[in-house]
Amino acid sequence: MDLKQKISEAVEKLAPELITLSHEIHDHPEIGLQEHQAVAWQKEILEKYGFTFESPFCGMDTAYRASRGTVGKGPQIGILAEYDALKGLGHGCGHNVICASSVGAAIALSQALEGEKAAVILFGTPAEETVGGKIPMADARVFDHLDCAMMMHPTAEENLVGVGSLAVTDIYVDFTGKPAHSSKPASGINALTSAIALFNAVNAQLHLWPNKSKINGIITEGGTAPNIIPGFCHCEFSMRAEKMNQLLPMYDDFERLAKAAAAMTGAKLKISHSPFCAERYMNRPLDEAFKANMERLGEPMKWPDPNRMTGSSDVGAVSLRTPSIHAYLSLHAPGVAGHTPELCAAAASKRADQVVLLAAKGLAMTGADVFQSEELRKAMREDFEKNAVPNRC
C-alpha cells in the first residue's frame, strides 16, 4: 500500500482519540510550564502506540521527547507539539489543535514507516506563549540531528505556507522611588515620572531603529492616588525586530534609556527580559512538499503577501537548527483575531476538528516525502544552509 494511503487510513482510525485530545486540552487550559494534564494525556496515547516517552525534558517538567523507530539511523523526522493556553483566555491561539494534529501525525507516520530504517520524534514544547520552551531545547541542540521539524498552526482565515516571523523579547521594568504627599513633592521620588520619561525616550529612539522594528509598552502599576507621588511603577514592553542581530542592539539601547530615565529622578531601576526569541526561517522545499500534500487533501494553500504583518514564535529557534516549517490552516472564522474569546471558540469548532485530521495527514505525508526522497532532503539542507545558518547568533 502507498505510504500516503496508509497515513490517511491511520489518521481516520485515530480520529476519535485525536479529537477527544483536542477537546480535553481545550476544556482544561493550562498556562506555560503548568501543562501537566495536557502532557499526561499525550503520554497516555503515545505510549499506547509504541512511543518511548521522556519527560521532564531539557529541565522543563512539561516538556517531552517521544520517539519511535530507529533513532539515529535513517531519516530522523521531527514534529513539534504546543499545548499551553493564554492566561485568562484559554486556548485563544488554538494550541489544542496544534497538539492533537502533531500527535496524530507522529503516530500515523510511525505506523506507515514501521519496519523501515527511520525515526519519528515528537517534541512536546511548553510555554510558547510565555518563556518559549523551544528556546532552551534548541540551545541544548536536541534538534540538530533531525532532517526536519514540522508543525501546523490554526489561523482564522487563510491556509498559508512560508510565513516567517520577527525576533522578539518581552521586557519588564521596575522604577522604585519614594512616595510623598503632593503637598510636599520634593520629599518624594516620582517613579511614574521616570516611567513616562522612558516611554518618551523610546518614542524618540524608535526612528533610529531598523524599519520593521516594533515596540509596544504598558504601565501596569503607576500609583495609588492622584495626590500621592508614586513610589513604584512597573512597565512591560514587547520589542520586535526583523532579525535577532537587530534585536540585541535595540535591547542595549533600551537598557541605556531606562537607566537614564531612572537617573533623571533618582529612582532605582530593575530591568529584566524574557529569552530572546529568534526570527523564523521557513524551508521552501519542505513548504512546497507540505503545500502539495494539503492540496492533495483538498485544501488549497497560499504563499503569504510579502508585506503581511507577522508575529513571533519560539519556533524561530528551531528553524536555526534544522529545516523547519510552521504552516497555517484556516478555522473558517473570517474577521476573528487571534488571542480572543472568538478564536478560543473557533478552536473547539467542527472545522477545528477537521483541521486536526487534515494537518495530521498533511504533516505525516510530508514526513513520508522526507523519508522517501533523498533529493528532497538534499534540497532542504541546501536551503537551510543558505538561509538559516548564516543568521545564527
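A crossing of two helices is right-handed if the near helix is turned clockwise from the far one by less than a right angle. Keep that in mind for this predicted model. Helix 1 passes helix 3 in just such a right-handed crossing.

Start with that pair. Helix 1 covers residues 3-27, and helix 3 covers residues 95-112. Their axes come within 8 Å and cross at roughly 150°. Angles over 145 degrees count as roughly antiparallel, so helix 1 is roughly antiparallel to helix 3. Many residues take part in the contact. From helix 1 come L3, K6, I7, A10, V11, L14, L18, L21, S22, I25 and H26. They meet N96, V97, C99, A100, V103, G104, I107, A108, L109, Q111 and A112 of helix 3. By class, the residues of this contact divide into 16 nonpolar, five polar and one charged.

Now follow V103 of helix 3. Leaving out residues up to four places away in sequence, V103 touches L18, L21, Q42, I45, L46, Y64 and L122. V103 also belongs to the largest nonpolar core, which has 70 residues. Which members of this core touch the most other members? They are I7, L46, Y64, V103 and L122. Helix 10, residues 350-372, gives the most to this core, with 13 residues. There is also a second, separate core of 32 residues. Among its members are L198, C235, M244 and A258.

L198 leads to another helix pair. This residue is in helix 5, and A258 is in helix 6. Helix 5 spans residues 191-205, and helix 6 spans residues 244-265. The two axes come within 8 Å and cross at roughly 145°. This crossing, too, is right-handed. On the helix 5 side, the contact uses T193, S194, A197, L198, A201, V202 and Q205. Facing them in helix 6 are D253, F254, R256, L257, A258, A261, A262, M264 and T265. The contact residues of this pair divide into ten nonpolar, four polar and two charged.

Go back to helix 10. Its partner here is helix 7, residues 284-296. The two pack at an angle of about 130°, with their axes 9 Å apart. That angle makes helix 7 oblique to helix 10. Helix 7 passes helix 10 in a right-handed crossing. L286, A289, F290, N293 and M294 of helix 7 meet L358, G362, L363, M365, T366, D369 and V370 of helix 10. This contact has eight nonpolar, three polar and one charged residues.

Each of these two helices holds a residue to look at. D287 lies in helix 7. Is D287 buried or exposed? D287 counts as buried, because its relative accessibility is 0%, and buried means under 20%. Its contacts, apart from neighbours within four places in sequence, are V161, G162, M282, W303 and I325. D287 and D2 are 285 residues apart in sequence. In space, their C-alpha atoms are 22 Å apart.

R351 has its place in helix 10. R351 is buried as well, with a relative accessible area of 9%. Setting aside residues up to four places away in sequence, R351 touches N159, E299, S330, L331, H332 and L358. L358 is also one of the helix 10 residues that meet helix 7.

H332, a contact of R351, takes us to the loops. H332 sits between strand 12 (324-330) and helix 9 (341-346). H332 has a positive phi of about 55°, although it is not a glycine. How accessible is H332? Its relative accessible area is 53%. H332 is therefore exposed, since exposed means over 50%.

Another loop joins strand 1 (52-54) and strand 2 (64-69), and P56 is found there. The peptide bond from S55 to P56 is cis, with omega near 0°. C58 is found in the loop between strand 1 and strand 2 as well. C58 has a positive phi of about 55° and is not a glycine. With a relative accessible area of 29%, C58 is partly exposed.

Terms used:
Residues are numbered from 1 along each chain as its sequence is written. This is a predicted model: local features need pLDDT of at least 70, side-chain atom pairs count only at pLDDT 80 or more; totals for chains, interfaces and linings use all residues. Side-chain values use heavy atoms; hydrogens and water are left out. A nonpolar core is a set of buried Ala, Val, Leu, Ile, Met, Phe, Trp, Tyr and Cys residues joined through side-chain atoms within 4.5 Å. Buried means under 20% relative accessible area, exposed over 50%, partly exposed in between (1.4 Å probe, protein chains only). Helices (H or I, at least four residues) and strands (E, at least two) are DSSP runs, numbered from the N terminus. Contact means heavy atoms within 4.5 Å. Axes are lines fitted to C-alpha atoms, for helices over the stretch in contact, and angles run from 0 to 180 degrees between N-to-C directions. Angles under 35 degrees count as roughly parallel, over 145 as roughly antiparallel, 65 to 115 as roughly perpendicular and the rest as oblique. Ala, Val, Leu, Ile, Met, Phe, Trp, Tyr, Cys and Pro count as nonpolar, Asp, Glu, Lys and Arg as charged, and the others, Gly among them, as polar.
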